[in-house]
Amino acid sequence: MRAVDVIMNKRDGKELSREEIGFLIDGYVAGEIPDYQVSAWAMAVFFQGLSPAETAALTELMLKSGTAIDLSGISGPFVDKHSTGGVGDKTSLILAPIVASLGIKDPMMSGRALGHTGGTLDKLDAIPGYRTSLSIPEFRRILAKDGFAMTGQTRDIVPADRLLYALRDVTGTVESVPLITASILSKKAAEGAEALVFDVKFGSGAFMKDSADGEKLARSLVDTGTAMGKRIIALLTDMNEPLGNMVGNFLEVEESLDCLEGHGPADLMEVTLELAARMVILGGKAKENAQGRRLCEEVLASGKPRELFLANIESQGGDVKKFLDLRGKYRSPAGAEIRAEKSGFLSRIDAWKVGHAGVDLGVGRNRTEDAVSPTAGVQFHRKGGDSISAGDLIMRVWARDEAGLAAALPQLQDAVEYTETAPPARRLILKEIQS
Ligand code: URA
């Protein structure tokens, strides 16, 4: 078999056999097929798509490129949530201790910020001392003790995705439904969760720009995951505006603690609780959404998730006292404010522009090897739907350095959209999709 034939078959719209896909993936991981051929294949997939059988084969072959975590000996149920990526999206940090407080184990393997979207690992790394590269025995021990553990991918887990994702990121082939499906599901299958909730984001700050494409991705994740024997629920959620009032690594951990203390912003709490309710259902602790949500709200009010969140910081090497002392103060020195240019209503703050400005501020990265700043970010004092008067404070901004601040400020100013009349209320959760 030759890689060029596999590329041409896909370019011409033919369905690839499992052997052809395996030849390409195995050869790529072994270093026998070069980046330029896999890039050409990924672009062919971007335009021609993959059938459900091809997507399932790709997912399975990527999973088999590495080892899976064995959770035997730990009592379940094991349920995880995965977001397809957004701006200000810190729901994982809030819902893991909520569902763990209800007896559900969340084995969470997360990613880093890339491009305009944030990454859970970079947020956790902002907590002084917190370790996000756990060995598998450490991951198992903390999962059993706290009910959740949060780590990055190890070198042995889905190496095909590590290579492919980095390549897709620089070849304009990220926004492909089958490639995203295989990338996400291969990783999620490797971490040992029996059931998964997907937060499939659509809108300016998401990979899928409209709800129709978001729904296609949700359907593909649900169908492929179900065929792999996982129980799956996907929620299609709006990512046209950042979630919550904070964007930034330490800022988002801080806001997660606010949520666990009962004073989180409404949009963030709504999405978090709806996702957590589905995890509770998949974990067998509730029969329907309203019951699942009620259980989450009750346990949140008990304070137990907050305690577990702080216990997990300690378990993963973090300094709880220092973390709490830094609250409200750990900010980059280069700062500025953005104030309303006119009176009327704020129709939205564009998530895409904020995400891109975040890279200049130091929140995110353009290349995997770039370092991020723990203390850079944006705090919103007003969001879409609010009435405003000229001069009102809309956001406070902190940048790693003055050059980053100068680059980010015009983008942030441009992200603020005004209307004269009240904009229609935004529906945060558009649809639920299950098998
Ligand atoms: N997240 C992933 O893990 N993979 C993708 O391809 C896109 C988002």
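**Close-up 1. Who surrounds the ligand in this predicted model?** The shell consists of Thr84, Tyr165, Arg168, Ile180, Ser183, Ile184, Lys187 and Phe207, where a residue counts as near if one of its heavy atoms lies within 4 Å of the molecule. Sorted by type, that gives four nonpolar, two polar and two charged residues. (Ala, Val, Leu, Ile, Met, Phe, Trp, Tyr, Cys and Pro count as nonpolar, Asp, Glu, Lys and Arg as charged, and the others, Gly among them, as polar.) Helix 8 (159-169) and helix 9 (177-190) each give at least two residues to the shell, and helix 9 has the largest share, with four. Helices here are DSSP runs of H or I with at least four residues, strands are E runs of at least two, and both are numbered from the N terminus.

**Close-up 2. Polar contacts of the ligand.** Look for pairs of N or O atoms within 3.5 Å. The side chain of Arg168 has an N or O atom 2.9 Å from a ligand oxygen. With Ser183, the partner is a ligand nitrogen, 2.6 Å from a side-chain N or O atom. Lys187 brings a polar side-chain atom to 2.5 Å from a ligand oxygen. On its own the ligand has 240 Å² of accessible area, and the protein covers 91% of that (Shrake-Rupley method, 1.4 Å probe).

**Close-up 3. A four-stranded open sheet.** The strands line up in the order 6-9-11-7, with antiparallel pairing; two strands pair if DSSP finds at least two bridges between them. Strand 6 (246-247) and strand 7 (334-339) are the edges: each has a single partner strand, so one side of each has no neighbour in the sheet. Strand 7 is joined to strand 11 (residues 393-399) by six bridges. Within this antiparallel pair, Gly335 sits opposite Trp398 of strand 11.

**Close-up 4. Two backbone oddities.** Most peptide bonds are trans, and most residues other than glycine have a negative phi. The bond from Gly76 to Pro77, though, is cis, with omega near -5°. You'll find Pro77 in the loop between helix 4 (52-63) and strand 1 (79-83). Val158 isn't a glycine, yet its phi is positive, about 45°. Val158 belongs to the loop between strand 3 (148-152) and helix 8.

**Notes on the views.** Residues are numbered from 1 along each chain as its sequence is written, and side-chain values use heavy atoms, leaving out hydrogens and water. As this is a predicted model, local features need pLDDT of at least 70 and side-chain atom pairs count only at pLDDT 80 or more, while totals for chains, interfaces and linings use all residues.

Methods. Polar contact = N/O pair within 3.5 Å; in protein donor to acceptor, adjacent residues only side chain to side chain.
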